[in-house]
Amino acid sequence: MDKFIRILFLSSILFFSCLLTEINSEQAKVKNMYKHYLLSYNFTKEYLLVQSNIKSKIPNSELTKYFVFDLGKSSIILESSYRNGNVSWHSNYEIKIAELPGVIPKDEVADYSYILNVKTKFKTILDGENN
């Protein structure tokens, strides 16, 4: 009986160590799959903002693609890209997009930022105009 318990115990350890190795391997695969993306949840974790994170060798030429994923519906609800700028959560349902232009004429305002509501797709330009 004592020998049976030892064999069962050792078998259990072997089984769980193999299982943990497999789980760690799967986690490494997932991390590797998303290593070229920046992921950020909104405050309630209903939406996920996903941005490409691939850097170009040519300065100021990166085209960053992004999308907003609705976790409840398991679908992409917004998809776009920007060159030389950034996108981030502004509030629970709004993202702030700041696009940095190349050459700005002297008498032109240099702010190309706006807020976009991911639910309504309503755009608020930060200088006060709405679209």
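# Exercises on a predicted model

In this predicted model, the largest nonpolar core has 13 residues, and V68 and I95 touch the most other members.

## Exercise 1. The core and its strands

Determine which strands each supply at least two residues of this core, and list what V68 touches beyond four places away in sequence.

*Solution.* Step 1. Begin with the core of 13 residues. The strands that each supply at least two of its residues are β2 (47-52), β3 (63-70), β4 (75-83), β5 (85-91), β6 (94-99) and β7 (113-117).

Step 2. Turn to V68. Leaving aside residues up to four places away in sequence, V68 touches Y47, L48, L49, S75, I76, I77, L78, W89, I95 and V118.

Step 3. A general tendency gives the context: nonpolar side chains tend to be buried together in soluble globular proteins.

## Exercise 2. The two faces of β3

Establish which side chains of β3 point to one face and are buried, and which point to the other.

*Solution.* Step 1. Follow the alternation along the strand: T64, Y66, V68 and D70 share one face and are buried.

Step 2. The side chains of L63, K65, F67 and F69 point to the other face and are not buried.

## Exercise 3. Strand pairing

State how β1, β2, β3 and β4 are joined, and how many bridges each pairing has.

*Solution.* Step 1. Strand β1 (residues 37-41) runs antiparallel to β2, with 5 bridges between them. Within this pairing, Y41 stands opposite L48 of β2. The hairpin of β1 and β2 has 5 residues between the strands, and K45 in the turn has a positive phi of about 60 degrees.

Step 2. β2 and β3 are also antiparallel, joined by 5 bridges. Here V50 has F67 in β3 as its bridge partner.

Step 3. β3 and β4 run antiparallel with 8 bridges. Y66 has S80 in β4 as its bridge partner. Their hairpin has 4 residues between the strands, and S74 takes a positive phi near 55 degrees.

## Exercise 4. Aromatic pairs

Find how many aromatic pairs there are, and describe the geometry of each.

*Solution.* Step 1. The count comes to 2 aromatic pairs. Y47 and Y93 form an edge-to-face pair, 6.0 Å centre to centre with 85 degrees between the planes. Because Y47 lies in strand β2 and Y93 in the loop between β5 and β6, this pair ties together parts that are 46 residues apart in sequence.

Step 2. Compare the accessibility of these partners. Y47 is buried, because its relative accessible area is 6%, while Y93 at 24% relative accessibility counts as partly exposed.

Step 3. Y66 and Y82 form a tilted pair, 5.9 Å centre to centre with 45 degrees between the planes. This pair links strand β3, which holds Y66, to strand β4, which holds Y82, across 16 residues. Both Y66 and Y82 are buried.

## Exercise 5. Charges over rings

Identify the rings over which the charged ends of K119 and K123 sit.

*Solution.* Step 1. The charged end of K119 sits over the ring of Y93, at 3.9 Å from its centre.

Step 2. For K123, the charged end sits over the ring of Y114, at 4.5 Å from its centre.

## Exercise 6. Confidence

Decide which element of the protein chain has the lowest mean pLDDT and which the highest.

*Solution.* Step 1. The protein chain averages a pLDDT of 75, and 54% of the residues score at least 70.

Step 2. Helix α1 (residues 2-33) has the lowest mean pLDDT among the elements, 57, and β7 the highest, 92.

Step 3. Where pLDDT is low, the predicted coordinates should not be read in detail.

Terms used
Residues are numbered from 1 along each chain as its sequence is written. This is a predicted model: local features need pLDDT of at least 70, side-chain atom pairs count only at pLDDT 80 or more; totals for chains, interfaces and linings use all residues. Side-chain values use heavy atoms; hydrogens and water are left out. A nonpolar core is a set of buried Ala, Val, Leu, Ile, Met, Phe, Trp, Tyr and Cys residues joined through side-chain atoms within 4.5 Å. Buried means under 20% relative accessible area, exposed over 50%, partly exposed in between (1.4 Å probe, protein chains only). Contact means heavy atoms within 4.5 Å. Rings of Phe, Tyr and Trp (its six-membered ring) pair if their centres lie within 6.5 Å; planes under 30 degrees apart count as stacked, over 60 as edge-to-face and the rest as tilted. A charge sits over a ring if NZ of Lys or CZ of Arg is within 6 Å of the ring centre and within 35 degrees of the ring normal. pLDDT is the predictor's confidence in each residue, from 0 to 100. Two strands pair if DSSP finds at least two bridges between them.
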